[in-house]
Amino acid sequence: MTVEVIAIGGYEEVGKNMTAVKVGEDVIIFDMGIHLDRISIHEDTDIDRMHSLDLIERGVIPDDTIMKDVDGKVKGIVFSHGHLDHIGAVAKLAHRYDAPIIGTPYTTALIEKQIKGERKFKVNNPIRPLNPGSKIKLSKDITLEFVQSTHSIPQAVFPVLHTNEGIIVYALDFKFDNHQKVSPPPDYNRLRELGRKGVLALIVETTNAINYTETRTYSEKVARIILEDLMREPLKAKEGMIVTTFSSHIERIQTIADIAKDSDREIFFLGRSMERFCGIAQNLGILKLPPNAYVYGSPKAVNKALMKAEEDRDKFLLVTTGHQGEPDALLPRIASGRTPFNVKKGDNVIFSAPIIPNPTNAANRHILESKLKANGARIYANAHVSGHAGREDHRDFLRMLKPKHIIPAHGELEMLVAYGELAEEEGYRIGNNIHILRNAQAQVFNGH
């Protein structure tokens with residue numbers, strides 16, 4: 001029996017992640033993501049009314065038409081976590097496969113929300129939540145296990161396939177964080193056990209592979225300390241105060257709320273995506289907001305909250321989307337004078353997010369910061385730590401799992417090659433047991 005790994009999306013770009021693994025006649029699909037850079041798209045963007053073929057043509061979602069040539073039966077569509085570059089295309093593609101959708105409870109709740117908003121396609125796939133640390137049998141020869149991981153969103157896991165031909169580990173995306181408030185540490189013991197049992201193939205993200213300065217990724221504990229230091233004095237000041245971060249980063253949202261809960265300010269979490277991610281996290285008991293925190297999602301509710309903050313700016317902390325400068329997100333609209341709240345001299349704006357590296361984001365962020373400064377705002381940039389493993393974390397990961405074969409994923413060619421070079425330092429060889437794939441290519445292994 002052979003094992004075939006089919007690269008569908010995310011092997012020529014960051015995002016648009018989708019991989020299929022064929023074991024004998026059974027096929028497991030991992031992730032169905034969108035490419036956030038291809039259209040002016042951010043966490044509030046609505047692609048519900050767009051057709052999948054249009055989105056494929058634009059390069060927004062994976063081109064899964066190659067699956068027509070794969071001779072096998074899809075037994076499961078498995079999601080590693082709930083970021084849009086992993087789940088954003090589920091409502092456009094999942095209905096083509098007669099298979100259950102499987103993810104952790106938080107991830108599947110986000111997927112259900114995604115499917116509910118879909119306007120073009122009817123998605124009737126059964127949805128099966130699976131807790132970290134649990135297993136489910138997908139076919140006679142394949143068992144899926146979710147191994148606890150950490151990332152910048154709750155309930156991220158390493159999906160692991162146990163097959164007669166060996167173990168396949170799918171590691172998109174992760175970091176090694178032992179100090180998160182909303183997520184337990186990664187299950188290092190289980191990873192080492194899998195390494196001892198024998199991992200046939202590791203499909204692994206390459207986000208920080210090219211970043212030679214970031215040898216290890218700092219814990220969220222570091223971001224908490226940075227934010228505590230930055231927020232302490234502005235919370236007491238008479239000026240307005242805005243913090244902007246990823247609405248999906250529930251750990252960071254919890255931190256911001258915890259720091260501000262004893263202040264004299266009410267905390268307003270504002271935006272449609274804030275409402276989506278925070279609401280689900282609250283319902284599942286993952287996010288615990290203090291009594292002085294409120295989440296507003298609809299444009300009407302957001303405007304009402306901004307009017308209150310404009311009247312008494314020292315009584316409110318605004319937590320918004322729009323840190324990349326995306327023109328229609330909330331913070332850029334505030335900076336452009338398109339909302340009831342106007343930035344004034346001395347207002348404090350904290351960016352608890354990095355600039356995601358591409359020319360559009362860099363330009364948009366520069367425009368945003370220039371507008372904020374022109375209005376007299378004080379800016380505190382990059383109060384943040386990465387959600388992705390650094391090079392030395394990856395080295396540890398390889399030593400834990402000892403995979404026979406490595407398939408770098410989730411990156412442009414130079415990122416995949418940079419990961420290959422790192423793995424070569426650990427005794428692997430590109431072209432031998434490191435396989436650099438492009439979208440629509442496949443790699444076949446003969447099991448043990």
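Let's start with two strands, β12 (residues 241-244) and β16 (residues 348-351), which pair in the parallel sense over 4 bridges. If you want one pair to look for on screen, take Thr244, whose bridge partner in β16 is Phe351. Please keep in mind that this is a predicted model.

For anyone new to this, strands of a sheet pair through backbone hydrogen bonds, either parallel or antiparallel. Here, β12 and β16 belong to an open sheet of 6 strands, with parallel pairing, in the order β14-β13-β15-β12-β16-β17. At the edges you find β14 (293-296) and β17 (378-380), each pairing on one side only. From one strand to the next, the twist averages 20 degrees.

Now, what packs on this sheet? One helix that does is α7 (residues 250-260), which touches β12, β13 (266-270) and β15 (316-320). The direction of α7 makes about 160 degrees with that of β13. Another is α9 (residues 299-311), touching β13, β14 and β15, with its direction at about 145 degrees to that of β13.

Let's stay with α9 and do a little arithmetic together. With 13 residues at 1.5 Å a residue, α9 should span 18 Å, and its end C-alpha atoms are 19 Å apart, which agrees.

Which residues of α9 are buried? They are Val302, Ala305, Leu306, Ala309 and Glu310. Looking down the axis of α9, these buried residues fall within an arc of 140 degrees, so they line one face of the helix. There is a handy rule behind that kind of pattern: an α-helix has 3.6 residues a turn, so residues three or four places apart point the same way. On the other side of α9, Lys300, Lys304 and Glu311 are exposed. As for the partners of the buried residues, they pack against β13, β14, β15 and α10 (330-335).

Back to α7, which is mostly covered, with 10 of its 11 residues buried. Among the buried ones are Ile250, Ile253, Ile256 and Ile259, and also Glu251 and Arg252. The buried residues of α7 pack against three strands, β12, β13 and β15, and against the helices α4 (105-117), α6 (220-236) and α8 (272-283).

Next, a pair of helices. In general, two packed helices are described by the angle between their axes and the distance between the axes. For α5 (residues 188-197) and α12 (residues 391-401), the angle is about 50 degrees and the axes are 6 Å apart. That makes α5 oblique to α12. Where they meet, α5 brings Tyr188, Leu191, Arg192, Leu194 and Gly195, while α12 brings Phe397, Met400 and Leu401.

Last stop: strand β9. Why do we call β9 (residues 157-163) largely enclosed by the rest of the structure? Because 7 of its 7 residues are buried. Both faces are covered, with Val157, Pro159, Leu161 and Thr163 buried on one side, and Phe158, Val160 and His162 buried on the other.

The neighbours of β9 are worth finding too. Strand β8 (residues 142-148) runs antiparallel to β9 and is joined to it by 7 bridges. Look for Leu144, which stands opposite Leu161 in β9. Strand β10 (residues 166-171) is also antiparallel to β9, with 4 bridges between them. In this pairing, Val160 stands opposite Val169 in β10. Finally, β9 and β10 form a hairpin, with 2 residues between the strands.

How values were computed. Residues are numbered from 1 along each chain as its sequence is written. This is a predicted model: local features need pLDDT of at least 70, side-chain atom pairs count only at pLDDT 80 or more; totals for chains, interfaces and linings use all residues. Side-chain values use heavy atoms; hydrogens and water are left out. Buried means under 20% relative accessible area, exposed over 50%, partly exposed in between (1.4 Å probe, protein chains only). Two strands pair if DSSP finds at least two bridges between them. Axes are lines fitted to C-alpha atoms, for helices over the stretch in contact, and angles run from 0 to 180 degrees between N-to-C directions. Contact means heavy atoms within 4.5 Å. The expected span of a helix is 1.5 Å times one less than its number of residues. The arc is that of the directions from the helix axis to the C-beta atoms. Angles under 35 degrees count as roughly parallel, over 145 as roughly antiparallel, 65 to 115 as roughly perpendicular and the rest as oblique.
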